[in-house]
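Reader: Please guide me through this model one question at a time. I would like each answer to show its reasoning.

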Amino acid sequence: MLDMKWIRESADHQEELQQVADRKGIALSVAELVKLDDQRRTLLLAVEALRQKRNAISQEISDLVRQGKPDEAERQKQQVKTINEELGQQEALYREVDEAYNELLILVPNIVSPDTPVGASDEDNVEIRRVGELPVFDYQFRDHVTLGELHRMIDIPRGVKTAGTRSYYLTGIGAMLHRAVQQLAVDMLVAKGFTLMDVPLTVRTEAMQNTAFFPLGQDQAFQITEQDKWLVGTSEVPLVSFYSGEVVDVAEPIRLAAASLCFRSEVGSGGRDVHGLYRVHQFAKVEQVVLCEASTEASELLLQEITANAEELLQKLELPYRVVAVCTGDMSQKTYKQYDIETWMPSRGAYGETHSSSNLLDFQARRSNIRYRDAKGKLRYCHTLNNTAVASPRILIPLLENHQQPDGSILIPKALRPYMNGMERIELPNGTENRTE
């Protein structure tokens with residue numbers, strides 16, 4: 001959330017916030033929010049005044065009783081009764097207004113950086129740079145599903161049989177690759193000073209709200225029936241929640257990483273995005289989360305750092321990619337500035353999103369109540385950032401498709417070979433016929 005004091009500070013702030021909400025597609029009336037805040041403030045003053053008046057008269061009653069003036073004390077008791085009736089009405093009205101206020105407040109989006117492009121969807125994201133050469137195939141190349149079946153490493157039909165749509169099995173070499181890319185990312189981040197954590201995969205509703213995945217993203221999450229528990233769609237939630245309600249030391253930025261399973265319902269996705277391993281209900285991610293001082297300069301440098309980490313991973317995997325600045329309409333409620341990294345996927349004939357980097361300023365820390373003391377000893381909310389170092393099995397799409405060879409084999413990038421028992425190439429299984437169609 002944003003500081004309500006900042007929102008009320010000027011009409012310009014309110015106009016900016018309404019514009020951001022509109023561009024992010026969030027149904028919010030800032031004017032109504034301010035109106036409700038005015039009402040709740042007025043009602044709270046009235047409630048407090050009535051309580052003070054009641055307390056003062058109650059003290060008078062005690063004095064009158066001690067002075068042996070029962071008649072006067074009884075008259076004052078009747079006045080207290082009248083005040084209590086009015087107080088009850090005012091408190092009920094306050095609770096009603098306060099509830100409506102909080103329902104709007106939780107929808108307030110983060111502001112966006114001055115260099116965030118304005119747009120309606122991912123089609124309006126702006127390319128910043130391209131790295132790597134696109135492969136040129138002088139033969140009929142295969143997509144990742146065909147390659148996975150050919151090498152007996154991906155089994156989608158049995159996944160669907162067992163768990164329903166958008167489910168899969170990774171077997172043999174497929175499972176090894178899945179684990180290898182994660183371990184490569186983990187080792188890389190640990191070498192850069194990140195603290196590796198193993199995190200809870202189920203969290204309370206409060207954790208999802210505090211990290212700003214609820215209420216607007218609630219349709220993307222799986223709930224554990226009849227419990228206040230949800231399966232996380234990213235380890236960002238438990239990583240940030242680790243420090244919720246605490247005062248932390250960010251003299252040096254806190255760098256955290258986790259490799260975990262993730263679960264998303266992927267409501268609303270369709271078309272080519274649901275083919276193969278692109279959008280599935282269960283996947284694994286190595287996530288970077290950083291907490292730092294409340295300085296836009298400092299958090300901007302860290303955004304560049306964690307984005308560079310993800311790019312380094314793709315370069316180690318020898319994959320061509322591009323970095324795009326995400327536009328307002330493709331941003332989430334919590335995001336101040338975001339980059340997406342898209343890796344070339346031959347079967348799509350396009351770059352597909354594989355990584356995302358976000359700077360949230362203090363939006364998430366306010367909701368999670370994570371603070372630090374600045375140089376003057378004043379408590380301030382931290383800035384938080386996050387980035388996907390790698391997500392699998394989606395990363396297997398470009399990994400298999402870009403490194404496939406005419407004979408059906410698949411080259412393993414040099415950086416991955418130590419994690420694949422020194423294997424340099426995935427050869428066709430014995431008895432498999434190599435055909436290109």
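**Questions on the fold**

Reader: Does serine 299 count as buried or exposed?
Author: Buried means under 20% relative accessible area and exposed over 50%, with partly exposed in between (1.4 Å probe, protein chains only). At a relative accessibility of 0%, serine 299 therefore counts as buried.

Reader: What pLDDT do local features need here?
Author: Residues are numbered from 1 along each chain as its sequence is written, and side-chain values use heavy atoms, with hydrogens and water left out. This is a predicted model, in which totals for chains, interfaces and linings use all residues, side-chain atom pairs count only at pLDDT 80 or more, and local features need pLDDT of at least 70.

Reader: Which residues does serine 299 touch, not counting those up to four places away in sequence?
Author: Serine 299 is part of helix α10; helices (H or I, at least four residues) and strands (E, at least two) are DSSP runs, numbered from the N terminus. Contact means heavy atoms within 4.5 Å. With residues up to four places away in sequence set aside, serine 299 touches Cys292, Asn359, Leu361, His383 and Leu385.

Reader: How far apart are the end C-alpha atoms of α10?
Author: The expected span of a helix is 1.5 Å times one less than its number of residues. For the 21 residues of α10 this gives 30 Å, and the model agrees, because its end C-alpha atoms are apart by 30 Å.

Reader: Which residue just after α10 takes a positive phi?
Author: Within α10 the buried residues include Ser299, Leu302, Leu303 and Ile306. Just after this helix, a positive phi of about 55 degrees is taken by glutamate 318.

Reader: Which element gives the most residues to the largest nonpolar core?
Author: A nonpolar core is a set of buried Ala, Val, Leu, Ile, Met, Phe, Trp, Tyr and Cys residues joined through side-chain atoms within 4.5 Å. The largest has 49 residues, of which Leu177, Leu317, Ile395, Leu399 and Leu416 touch the most other members. Among the elements that each supply at least two residues are β8 (254-263), β9 (282-292), α10 (296-316) and β15 (383-392). The most, 8 residues, come from α7.

Reader: What does leucine 177 contact, leaving aside neighbours within four places in sequence?
Author: Leucine 177 is one of the core residues that touch the most other members. Apart from neighbours within four places in sequence, its contacts are Met153, Leu396, Leu399, Leu400, Leu416, Met420 and Ile426.

Reader: How many residues of strand β12 are buried?
Author: β12 pairs with β11 in the antiparallel sense over 9 bridges, where pairing requires that DSSP find at least two bridges between two strands. It is also joined to β15 by 3 antiparallel bridges, with serine 357 opposite asparagine 387. The strand is largely enclosed by the rest of the structure, because the buried count among its 10 residues is 9.

Reader: Which residue in the turn between β11 and β12 has a positive phi?
Author: Methionine 345 has alanine 350 in β12 as its bridge partner. β11 and β12 form a hairpin with 4 residues between them, and in that turn a positive phi of about 65 degrees belongs to glycine 349.

Reader: Which strands stand at the edges of the sheet β5-β7-β6?
Author: The 3 strands form an open sheet with antiparallel pairing, in the order β5-β7-β6. Two strands have a single partner each, so one side of each is left without a neighbour in the sheet; these edge strands are β5 and β6.

Reader: Which helices help to cover the buried residues of α4?
Author: Helix α4 (residues 70-105) has 36 residues, and its end C-alpha atoms are 50 Å apart, in agreement with an expected 52 Å. Its buried residues include Ala73, Val80, Leu87 and Tyr101. What covers the buried residues of α4 includes α1 and α3.

Reader: What is the radius of gyration of the protein?
Author: The protein has 12 helices and 17 strands. Its C-alpha atoms fill a box of roughly 105 × 45 × 35 Å along the principal axes. The globule rule, 2.2 Å times the number of residues to the power 0.38, is compared with a radius of gyration taken over C-alpha atoms. For 437 residues the rule gives 22 Å, and the protein is more spread out than a compact globule because its radius of gyration is 28 Å.
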